[in-house]
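Hello,

Here is the structure you asked about. Please open it first, then read the notes below.

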Amino acid sequence: MTSPATTPEPPDPISPLPGLPDPSPPAPTAPAPGAPDSTPPDPATLAPAALFDCSGQVAIVTGGASGIGLSSATALAAAGAHVVIAGLAESGPGRAAAELSASGLDVVGEICDLTDDDQLAKLVERTRERAGRIDTVLANAGAALDRPGGLDSVETLDAMYRLHVRSVALLAELTLPTMAAVGGGAFIVMSSIAGLRGNRALAGYGVTKAANAQLVRNLAVQWGSKGVRANAISPGVISTDFAKPITGGGAAALARLAKTPLGRFGKPEEVAGAVVWLASRAGAFVSGQNIVIDGGTLIAD
């Protein structure tokens with residue numbers, strides 16, 4: 001005699017790891033019956049001044065005293081954010097903040113070695129105490145420590161990993177719960193096209209930049225249900241002191257320009273624009289992405 005068919009029990013739901021938010025995506029909300037699919041947009045809300053407005057935000061920018069970091073900090077402050085520039089003492093975060101404050105922007109400087117766990121925790125704690133919230137983080141601090149032709153040592157790789165990956169992961173651990181508590185925010189990591197292709201000269205740099213872009217994807221999945229957006233930006237060669245070995249002229253500059261469809265090096269403000277986009281309402285539905293800003297270098301033949 002055949003026994004009646006039984007319906008198998010559904011599998012147990014996936015439980016989040018201790019300390020991590022529930023990874024299950026929020027249930028989709030169906031529109032109310034008879035509700036229109038869309039309403040006519042209000043032109044005032046689509047004006048660039050509204051779309052890219054960061055008023056009321058509190059932003060931390062690491063490595064913010066020069067180059068891409070300084071341009072990004074300036075752009076966020078110009079868009080209305082209170083900005084904390086953090087960096088090593090020799091980079092001059094206080095000087096940079098004072099110059100921006102003198103122009104009417106709301107910026108403070110903090111000396112912080114991002115690879116020192118205690119200093120990083122105190123940076124975040126002081127920001128919370130002073131401003132009461134954290135809405136945007138730009139993890140921009142970086143260093144290319146490779147020697148031409150390869151790594152100097154495993155110690156060199158460890159140093160870049162500590163700066164580009166470990167300190168970024170700790171910064172996320174320290175700030176994302178605060179973002180989630182105010183309804184969400186933007187966690188932005190400066191990666192590099194070196195993390196998207198093979199490298200002769202920037203071997204360890206490329207490895208660690210590839211790792212921090214993967215960290216972003218993980219954070220986007222883990223924290224999306226809390227309203228937190230995580231994205232990476234991968235610049236090509238940007239005209240900063242950091243890139244002077246390439247942009248300073250000679251064969252290296254000519255070779256790179258020949259491989260760049262736009263035929264020039266980028267400008268720091270062209271990266272800063274993407275930072276403001278990702279931090280503002282204009283980028284509110286962008287998460288888990290790696291935005292390449294390289295003049296077409298990566299896709300050129």
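Which side chain makes a polar contact of 3.0 Å with the side chain of Glu110? That of Arg126. A polar contact here is a pair of N or O atoms within 3.5 Å; within protein, one must be able to donate a hydrogen and the other to accept it, and residues adjacent in sequence count only if both atoms are side-chain atoms.

Some ground rules. This is a predicted model: local features need pLDDT of at least 70, side-chain atom pairs count only at pLDDT 80 or more, and totals for chains, interfaces and linings use all residues. Residues are numbered from 1 along each chain as its sequence is written, and side-chain values use heavy atoms, with hydrogens and water left out.

**Overall**

The protein has 10 helices and 7 strands. These are DSSP runs numbered from the N terminus (helices H or I, at least four residues; strands E, at least two). Of its 301 residues, 40% count as buried. Buried means under 20% relative accessible area (1.4 Å probe, protein chains only). The exposed surface is about 15700 Å², and carbon and sulfur atoms supply 59% of that. Areas come from the Shrake-Rupley method with a 1.4 Å probe. Among contacts (heavy atoms within 4.5 Å) with a separation of 6 or more, 71% join residues 24 or more positions apart.

**Glu110 and His82**

Back to Glu110. It sits in strand β3 (residues 107-111). Its relative accessible area is 10%, so Glu110 is buried. A second polar contact runs from the Glu110 side chain to the side chain of Arg130, at 3.3 Å. Leaving out residues up to four places away in sequence, Glu110 touches Val84, Ile85, Ala86, Gly87, Pro93, Leu123, Arg126 and Arg130.

His82 belongs to strand β2 (residues 82-87). Its relative accessibility is 12%, so His82 counts as buried too. Its side chain makes a polar contact of 2.9 Å with the side chain of Asp106. Beyond four places in sequence, the residues that His82 touches include Gln57, Val108 and Arg130.

**The cavity**

How many cavities of 30 Å³ or more does a search of the whole structure find? The search finds 1. A cavity is a set of points on a 1 Å grid over the protein atoms alone, where a 1.4 Å probe fits but cannot get out; lining residues have an atom within 4 Å of a point. Its volume is about 50 Å³. That is the space filled by probe spheres set on the points, with grid points joined across faces, edges and corners.

The lining consists of Thr62, Leu114, Ala139, Asn140, Ala141, Leu163, Ser167, Val168 and Leu171. Helix α6 (residues 154-181) gives the largest share, 4 residues. By type, the lining has 6 nonpolar residues, 3 polar and no charged. Nonpolar covers Ala, Val, Leu, Ile, Met, Phe, Trp, Tyr, Cys and Pro; charged covers Asp, Glu, Lys and Arg; the others, Gly among them, are polar.

**Phe187 and Gly296**

Phe187 is in strand β5 (residues 185-190). It counts as buried because its relative accessibility is 0%. Phe187 touches Val168 and Leu171, among others, and both of these line the cavity. Ala139, also in the lining, is 48 residues from Phe187 in sequence and 7.8 Å away, C-alpha to C-alpha.

Gly296 lies in the segment after β7 (290-293). At 16% relative accessibility, Gly296 is buried. The C-alpha atoms of Gly296 and Gly236 are 8.7 Å apart, with their positions 60 residues apart along the chain.

Best wishes

Notes:
1 Å grid on protein atoms, 1.4 Å probe; cavity = no way out; pocket = protein on both sides within 12 Å on 5 of 7 lines; lining within 4 Å. Buried < 20%, exposed > 50% of the residue type's maximum accessible area, 1.4 Å probe, protein only.
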